[in-house]
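Student: I am new to this structure and would like a slow, close look at a single part of it. Please choose that part, and then tell me what surrounds it.

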Amino acid sequence: MTTRRSCGRPSETAILASRLTDRPLRPLFPDGFRLDVQVVSTVLSVDQENDPTILSINGASTALVISDIPFQGPVGAVRMGYLNGQVVVNPPMSQMGESELDLVVAGTSDAILMVEAGAKGVSEQVVLDALASAHEEIKRICAAQLELREQVGLEKREWISPSYPEQMVEIVGEYLALRLDQVMYSADKQSRESAMDDLRIKTVIELGERFPEHADIIGKVFDKAVKDRVRQRVVEEGVRVDGRGLKDVRTITVEVGVLPRTHGSGLFTRGQTQALTIATLGSMSDQQKLDGLTAEEFKRFMHHYNFPPFSVGETKPLRGPGRREIGHGALAERALLAVIPPVEDWPYTIRLVSEILSSNGSTSMASVCGSTLALMDAGVPIKAPVAGIAMGLITREGKFAVLTDIQGVEDALGDMDFKVAGTKDGITALQMDIKIKGLTHEIMAQALEQAREARLFVLDRMLAVLPRPRSEMSDYAPRITTILINPDKIRDIIGKGGSMIRRITEETGAQIDVEDDGRVFIAAVDQEGGQKAIDWIKSLTDEVDVGKIYKGKVVRIMPFGAFVEVLPGQDGLVHISKLTDHRVERVEEVCNIGDEIVVKAVEIDSQGRLNLSRQAAIEDLTARGEPIEEKINPEVMAAALASPAPAREGGFGGRDRGGRNGGGRDRRPRRD
C-alpha cells in the first residue's frame, strides 16, 4: 500500500495512512499468495471535514474487489467519535478535537479486521458500543462495493493455495512428537530459538535423506508442525511456550532517573523486552511545524521510537526510521497525548525518545510504560499515568484462547496482536491487527477485559517505584515563565528589526517566544538569567496601575511640576502642589533631573495623561511604616526643610505659572 506525493520520502502522515490502509487488506489475500500487489491512494482534494484516510481504505478495497486479483474482500472502514455521550459515525474532522474517542474500524460484513484508536480515557464499554455501531456501517459499505463489482468487476484469476502431502505431514509430526516439546517450551528466548534452529536443520537433513522426493518441502512442513503444536497446547491445555498461564504478565522491573544529564528517563523491562525512554523539555519555539493535509500546524508533544538491530541480536545498517518504527512511535504518542497538560497550564514542548534495548514482543507498549516513567521523572504534571499491554489470540477448531502480554513467538504463531493502553480509569489508545478473517464481539469483549486487568497490574508495578510526577524538575531543564502582556506592547519587546529581543536573549541567555495574543514565554536553564529577562520584559511592557506607588526618575522639569518616568517610556506629571506637603516656589527646591523619587499614580485622565503625586506616596508609605527610598540631592532637600514656604493658595486645581490647568501634563507627543 502506497500513498502518493509529488517527490521525496512520504510524510509521517502519509506513512501512517498507508499502514492504516494496508493492515485490514493484507489478511484477505489467499494463503501462499506472493505476487506483488500495489495499491496507490492519491489525495486530489481535501475539504477539512471528511477524512481522506477512511476514503483510502474504502477506495483500496473497492479497487481490489473489482480487479481480477484473488482478494477475499470487500473491506469497509469508518471513523467513530464519542460526542456528548453518544457514539457518532464519521463525525466531521472539525469536531474531532471535542470527541473523547477517535476510533478507526475496518472489517468485512462478517467480522472486524482492524482497530486503531486514540481516546481520552473512555471505558471498555464505550469502545465495544462504538465497534458494534461501526460494524453495522461497515456492512453497508461492503454491500455497496459488491454491487459495484456486479456492474464493472473483472473475473477473478484462479489461485490454488499450496498444500503438503498428508504422508509428509504425518511423518514430520511423528519425528517431532518427542523432540519438539523438549526444545520449544522455555522461558529463555535465545536458548529456545537456538535449539529450534538446530532441530529444524536436523529434521530437514534426516528426513530429506529418507524421502528425497519431498526434501524441498520438509522445512515448510516443519514450520507448520511447530505452529500447530503451539496452538494446540494453548487452546486445549492452556500452556504457553514460557510456562505462563493465559492471563499472566511477565516479570516487570522499573527504574527512573537512570541517565543523570537528561531532563527525565525511565527504564521499563517486561520479560526480555526492555525500553529506555528519554524525556527532553523545550520552549514553545521548539514545537514541530507540520506540513500536511490536516488543519493542525504545530505539534508540541512528540514521541519517537527507535528499534536498533541489536535489540533482536541482528546486524543491519542503521538508517532512518521505517514504517514500523513510525507506526509504533505514533501509537505510543497517541496513548500519552490525553494526559499531557495543556499549554495554558504547562507551556513546554515535550519530546520523548524510546530506545528499544531488547525485544521479545510488545515493544510499543513497553515504550508507553517507559515514556510515562520518563515524563514523571522529568516533573511533567501528567493528568494520570498510562500503561500498555499487548494481547494475543489463538483459534483452533472453533475454540479460542486470549493471551495476555504476548511475546514474540506468540505474535508470530498467533492470530492477533491487540495493543491496549490507558490509565486506571479508561483507554487512551488501541491498535489491533489480525491474521484471520475477523473477530467476534465475544472475543473483543474478553480481550478488552483481560487487557484492563493486566494494565492495572502493570500500573501498580510502575507506581510502586514513582507514585507521582516529581515536584522539582532537573537542574538541566529550562524553567519557563509565562507573562501576559497587552498585544500592543509586542513591538516594544521585538524592537526595530528584532533588535530588542536579540539583545535580551544575548545578555540573559534566555529564550523568548512571543505569541500574537500577548503571551510571552521566557525559557532559561540559568535562573538568574531567566529572572533578568523576566524583569526586562516586564519593564518594557508593564502598564501603570492607578493607586500603585512607584519609584521613578525625574526626566524633565517645568515651572508647574516635574515629569517622572515610572516605567520605561511611560512618564507622568507631578504637579508642583503635589511634590510635598508644604508650598514650594520652585520644583528644584524638591528635586532635579536625574533624581529618583517615590510617586503614586493618581489618575489617567480622559486624554490618556498620567498624573502622579509624591505627597500621596509619602503619606501612604508613612502610614504603612515602610521606608521612603529616594535619591535626591541632599543639599536641595536640606534647604527645603530648613525654610519651608507657606502653603500656596489655589491648590492643585488652580492655574499654575506655566499657563496650564493644574493636574494635567503638557501636550507632548506621546511615546510609542
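Tutor: What follows begins with how far the model can be trusted, then looks closely at one sheet, and ends with its surroundings.

This is a predicted model, in which local features need a pLDDT of at least 70 and side-chain atom pairs count only at pLDDT 80 or more, while totals for chains, interfaces and linings use all residues. Residues are numbered from 1 along each chain as its sequence is written, and side-chain values use heavy atoms, with hydrogens and water left out. The pLDDT is the predictor's confidence in each residue, on a scale from 0 to 100; the protein chain averages 87, and 92% of the residues score at least 70. Over residues 643-672, however, the pLDDT is below 50, although this stretch has 62 contacts in the model beyond near neighbours in sequence, a contact being heavy atoms within 4.5 Å.

The part to study closely is an open sheet of five strands, whose order is 7-8-9-13-12 and whose pairing is mixed. The strands, like the helices, are DSSP runs numbered from the N terminus, with at least two residues (E) for a strand and at least four (H or I) for a helix, and two strands pair if DSSP finds at least two bridges between them. Strand 7 (252-256) and strand 12 (301-306) stand at the edges with a single partner strand each, so one side of each has no neighbour in the sheet. Neighbouring strands of this sheet are turned against each other by 15° on average, direction ignored.

At one end of that order, strand 12 and strand 13 run parallel and are joined by six bridges, and His303 stands opposite Leu352 in strand 13. Helix 8 lies across strand 12 and strand 13, running at about 140° to strand 12; such angles are taken between N-to-C directions, from 0 to 180 degrees, with axes fitted to C-alpha atoms, for helices over the stretch in contact. Helix 9 also packs on the sheet, where it touches strand 7, strand 8 (264-270), strand 9, strand 12 and strand 13, and its direction makes about 145° with that of strand 8.

Two loops beside these strands deserve attention. Ser362 is found in the loop between strand 13 (349-358) and helix 9 (363-377), and this residue has a positive phi of about 60° although it is not a glycine. Ser362 is buried, with a relative accessible area of 12%, where buried means under 20%, exposed over 50%, and partly exposed in between, using a 1.4 Å probe and protein chains only. Asp286 lies in the loop between strand 9 (273-282) and strand 10 (288-289) and is partly exposed, with a relative accessible area of 41%. Leaving aside residues up to four places away in sequence, Asp286 touches Met302, Thr349 and Gln511, and its C-alpha atom is separated by 9.5 Å from that of Arg351, 65 residues apart along the chain.

Helix 8 also leads to another sheet. In that open sheet, eight strands follow the order 4-3-5-6-17-16-14-15, and the pairing is antiparallel. Strand 4 and strand 15 (399-404) stand at its edges, each with a single partner strand, so one side of each is left without a neighbour in the sheet. The twist from one strand to the next averages 15°. Strand 3 and strand 4 run antiparallel and are joined by four bridges, and the bridge partner of Met80 in strand 4 is Val89. Helix 7 (residues 218-237) packs on this sheet, touching strand 14 (387-396) and strand 15, with its direction at about 100° to that of strand 14. Helix 8 (residues 323-337) packs on the sheet as well, touching strand 6 (112-122), strand 16 (416-422) and strand 17 (427-434), and its direction makes about 150° with that of strand 17.

Two loops also flank strand 3. Pro74 is found in the loop between helix 2 (52-66) and strand 3 (76-83), and a cis peptide bond, with omega about 15°, joins Gly73 to Pro74. Asn84 is found in the loop between strand 3 and strand 4 (86-89), where Asn84 has a positive phi of about 55° although it is not a glycine. Asn84 is exposed, with a relative accessible area of 78%.
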